Amino acid sequence: MSPSAASPSPASPAPSTSTPPAALHLAVALDGTGWHPASWREPVARPREVFTAGYWADLVAEAERGLLDLVTIEDGLGPQSSHFLDPGERTDQVRGRLDAVLVAARIAPLTRHIGIVPTTVATHTEPFHISKAIATLDYVSSGRAGLRVQITARPNEAAHFGRRTIPRIEAYESPDTQELVTELFDEAADYVEVVRRLWDSWEDDAEIRDVATGRFVDRDKLHYIDFQGRRFSVKGPSITPRPPQGQPVVTALAHATVPYRLVARQADIGFVTPQDTDQARAIVAEIRAERLAAGRADEPLHIFGDLVVFLDDDPAEAAARRERLDALAGEPYTSDARIFTGTPAQLADLLQELAAAGLSGFRLRPAVAGHDLPAITRGLVPELQRRDAFRHAYEADTLRGLLGLARPANRYAAA
């Protein structure tokens, strides 16, 4: 799948059903031992190794063997909880995690092709710090870094920092809640804007390294970004030269209009959670309208559908495995994303159906990482390849290249 040939433009309209199957992009979302809360109790889960570098290296190596575009690595500012906004008291589920950016930096040199996209929480953290961290990851991975930005509205996580309080959300549809959510996502948009400007604050040829003249850097090619916003006033420049990709890939998960606006304004990939093709088509249309309103309609944007997957060769086995895990967890598993149980061939059917609604790729969440990730790479991928709907080899050295995204010009050099 060449980014310039077989892969459709991510800004292209949805293909008609009479056209050949479109080449899909595939990502996998890694979180602990898997997305089902009882996944750690499965024989393949390796719970004693979940805080080791080797565990994460093995997962990403498996994803790379399947030729996937990228992996995302979850993170947070508090221990996992079964409650959306409050700390949890359960002790029978995985709690605790490693820092996603540091995990990414550890595994990047062990891989050669796959994109590595750690999560960072924009609320409470400093964009200057994450800008140089992701720029460094892009150097360590030779151009395969990305960033997944998310917000938090949890009061207990605000208390970790002590710089401001966030009121507890009592009613999701109330005007106060809508105002808070909008403020947090607007802040995240500013956060990404600062990060992006800092990546551009060194021109590509700012480093001279001329031993004869003693000039290592051309100071005229380092720029103040002078960002002024409600939450940030950042001078710049960065301490890290412009990353190999110029702009590492920015992603965000979005479920409604306000986060769709963040995707439209600042992201290269938006992860969305449609339950069917009609909803997928509506989400794509809404994000594209927001993209147009943001003045970025001409810039490519990937929209990936998120699904939790239980994959087995027999659909009954997949359903039975989900029921067994639910019984261990003590309650049925629910998710913001559609939950799929079935065979790789059935999942391939569904992905192609959803792709026809305008999605250019999918981010799959393995219910049990040790079981469903290999089922993706060794079952789903060959099935999509047989349908000429997925690559047979990596065709680019950078994540932007895999996604068919050009390396952006430096905004300050062009001025």
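**Figure 1. Length of helix α7 in the predicted model.** Helix α7 covers residues 277-293. Its 17 residues, at 1.5 Å a residue, should span 24 Å, and its end C-alpha atoms are 24 Å apart, which agrees with that expectation. The buried residues of α7 are T277, A280, I283, V284, I287, E290 and R291. Viewed down the axis of α7, these buried residues fall within an arc of 150°, so they line one face of the helix. An α-helix has 3.6 residues a turn, so residues three or four places apart point the same way.

**Figure 2. Surroundings of the two faces of α7.** The elements that cover the buried residues of α7 include α6 (257-266), β10 (269-272), β11 (302-311) and α9 (344-355). On the face turned away from the buried side, α7 carries the exposed residues D278, L292 and A293.

**Figure 3. The ends of α7.** At the N-terminal end, D276 acts as the cap of α7: one of its side-chain oxygens lies 3.2 Å from the backbone nitrogen of D278. Just after α7, G295 adopts a positive phi of about 75°.

**Figure 4. The annotated positions D75 and T119.** An unreviewed UniProt entry places the feature "binding site" at D75 and T119. These positions span 45 residues in sequence, yet their C-alpha atoms are no more than 5.5 Å apart, so they gather at one spot. D75 is found in the loop between β2 (70-73) and α2 (100-107), whereas T119 lies in strand β3 (residues 115-121).

**Figure 5. Close-up of D75.** With a relative accessibility of 14%, D75 counts as buried, because the cut-off for a buried residue is under 20%. Residues up to four places away in sequence being set aside, D75 touches R97, L98, D99, A100, T119 and Q150. For A100, the backbone nitrogen lies 2.9 Å from a polar atom of the D75 side chain.

**Figure 6. Close-up of T119.** T119 counts as buried at 1% relative accessibility. Apart from its neighbours within four places in sequence, T119 is in contact with I73, E74, D75, A100, R148 and Q150. The T119 side chain reaches the backbone oxygen of I73 at 2.8 Å. A100 and Q150 appear among the contacts of T119, and both are also touched by D75.

How values were computed:
Residues are numbered from 1 along each chain as its sequence is written. This is a predicted model: local features need pLDDT of at least 70, side-chain atom pairs count only at pLDDT 80 or more; totals for chains, interfaces and linings use all residues. Side-chain values use heavy atoms; hydrogens and water are left out. UniProt positions are given in the numbering used here, feature names are shortened, and annotations may be inferred rather than shown by experiment. Helices (H or I, at least four residues) and strands (E, at least two) are DSSP runs, numbered from the N terminus. Buried means under 20% relative accessible area, exposed over 50%, partly exposed in between (1.4 Å probe, protein chains only). Contact means heavy atoms within 4.5 Å. A polar contact is a pair of N or O atoms within 3.5 Å; within protein, one must be able to donate a hydrogen and the other to accept it, and residues adjacent in sequence count only if both atoms are side-chain atoms. The expected span of a helix is 1.5 Å times one less than its number of residues. The arc is that of the directions from the helix axis to the C-beta atoms.
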